[in-house]
Amino acid sequence: MKTTMPARKAEERSGVLTVIIAFCANALVAVAKSVAAALTGSASMTAEAAHSWADTGNQVFLLIAERRSNKPRDARHPLGYGREAYVWSMFAAFGLFTAGAVVSVWHGIQVLANPEPASDFIVAYVVLALAFVLEGISFAQALRQARKGARRYRRHTLEYVVVSSNPTLRAVFAEDFAALIGIAIAASGVALHQITGSPVPDAIGSILVGLLLGTIAVVLIDRNRKFLVGEPATGEARSAVVNLLLQNPDVDRVTYLHMEFVGPSRLYVVAAVDMAGDLPEHDVAVALRRVERTLEEHDLIEEAVLTLATPGEQPLLGD
């Protein structure tokens with residue numbers, strides 16, 4: 001849990017860079033796929049175009065999420081604006097579901113009902129190859145950011161992406177990963193269409209792309225929902241805060257601890273502690289505030305609120 005203020009700023013800059021790279025890559029890919037879909041008439045290419053346009057729009061939401069969630073806290077928002085990240089990331093996930101998943105599945109069903117042959121398959125292959133390169137560049141940036149975070153918190157990369165409090169990283173990582181798989185599905189659908197002369201495999205490819213996007217969108221929506229309603233910190237983070245408190249000379253024991261994410265890498269901490277010695281009430285109040293300020297010097301802790309423990313409460317143990 002060791003993080004410094006420069007580390008948070010570096011993480012914020014890395015997050016913005018990841019989203020900008022994803023936006024540029026998706027915009028270029030969306031234009032190319034749209035042209036290819038118009039020229040070839042391929043259902044899979046149409047689904048991929050819808051996917052890329054959805055991703056491009058989603059990056060705008062994610063940029064807003066990064067900007068608004070990093071605003072400093074004020075009197076109206078004493079816990080900061082961190083949860084803005086989950087609100088705008090939720091919008092992006094809904095966009096992926098509606099503009100990407102639903103459109104792709106619906107178009108595939110329409111093609112199955114009214115099949116039409118495609119043409120200019122070479123155009124589709126060239127565009128898909130270009131899209132794979134651009135999406136790969138964007139995914140590589142998201143993977144680099146994820147690996148840095150995973151090393152910092154001593155987790156596996158995929159585990160970190162899933163449990164991370166950073167919704168923009170999770171969204172870009174998942175969308176780019178889905179895009180690479182979707183390109184492979186689309187290429188298979190186009191190839192089978194060319195080989196068999198039947199648009200059915202192409203239409204099925206469109207439906208599969210839509211189902212993939214829908215699954216990713218539902219996962220992202222659920223993760224953002226959990227952080228919006230109050231995702232508690234567990235495991236190593238709790239042990240680290242208990243240890244921070246017990247290392248303070250003013251604290252003898254910790255009997256209660258609640259830690260809740262109020263934004264990406266931002267925690268609201270409530271704890272009950274037994275203060276050292278037998279100080280008068282005024283001195284205890286001053287000591288409590290001193291311990292709170294010490295906790296808040298840690299980059300991950302947005303605000304800490306401490307209260308006194310009662311004599312009968314069992315202490316919490318750190319590592």
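A residue counts as buried when its relative accessible area is under 20%. In this predicted model, the buried residues of helix α9 are Val284, Ala287, Leu288, Val291, Glu292, Leu295 and Glu296. They pack against helix α8 (236-246) and the strands β1, β2 and β3. The points below take up the sheet, then helix α9, and finally the aromatic rings.

**The sheet as a whole**

- Three strands, in the order β1-β2-β3, make up an open sheet whose pairing is mixed.
- Its edge strands are β1 (251-263) and β3 (301-308), each of which pairs on one side only.
- From one strand to the next, the twist averages 20 degrees.
- In general, the strands of a sheet pair through backbone hydrogen bonds, and they may run parallel or antiparallel.

**Strands β1 and β2**

- Strand β2 covers residues 266-275; ten bridges join it to β1, and the two run antiparallel.
- Along this pairing, Val251 stands opposite Met275, Val254 stands opposite Val273, and Gly263 stands opposite Arg266.
- The hairpin of β1 and β2 has two residues between the strands, and Ser265 takes a positive phi near 55 degrees there.
- Strand β1 is mostly covered, since ten of its 13 residues are buried.

**Strands β2 and β3**

- Seven bridges join β2 to β3, and these two strands run parallel.
- Within this pairing, Tyr268 of β2 has Glu303 of β3 opposite it.
- Seven of the ten residues of β2 are buried, so this strand is largely enclosed by the rest of the structure.

**Helix α9**

- Helix α9 runs over residues 281-296, which makes 16 residues.
- How far should helix α9 span at 1.5 Å a residue? The expected span is 22 Å, and the end C-alpha atoms are 23 Å apart, which agrees.
- The expected span is 1.5 Å times one less than the number of residues.
- Among the buried residues of the helix are Glu292 and Glu296, alongside others such as Val284 and Leu288.

**Aromatic rings and a charge**

- The model holds eight aromatic pairs, counted where ring centres lie within 6.5 Å.
- One aromatic pair is Trp88 with Phe91: their ring centres are 5.2 Å apart, and the planes stand at 90 degrees to each other, which makes the pair edge-to-face.
- Trp88 and Phe91 both belong to helix α3 (residues 84-113), where they are three residues apart, about one turn of the helix.
- An α-helix has 3.6 residues a turn, so residues three or four places apart point the same way.
- Is Phe91 buried, exposed or partly exposed? Phe91 has a relative accessible area of 38%, so it is partly exposed, as this value falls between the limits of 20% and 50%.
- Phe61 joins Trp88 and Phe91 in one aromatic cluster.
- Elsewhere, the charged end of Lys71 sits over the ring of Tyr81, at 4.3 Å from the centre of that ring.

Notes: Residues numbered from 1 in each chain as written. Predicted model: local features only at pLDDT ≥ 70, side-chain atom pairs only at ≥ 80, totals over all residues. Heavy atoms only, no water. Phe/Tyr/Trp six-rings, centres within 6.5 Å; stacked < 30°, edge-to-face > 60°. Helix = DSSP H or I, 4+ residues; strand = E, 2+ residues; numbered from the N terminus. Buried < 20%, exposed > 50% of the residue type's maximum accessible area, 1.4 Å probe, protein only. Lys NZ or Arg CZ within 6 Å of the ring centre and 35° of its normal. Pairing = 2+ DSSP bridges. Axes fitted to C-alpha atoms, helices over the stretch in contact; angles between N-to-C directions. Contact = heavy atoms within 4.5 Å.
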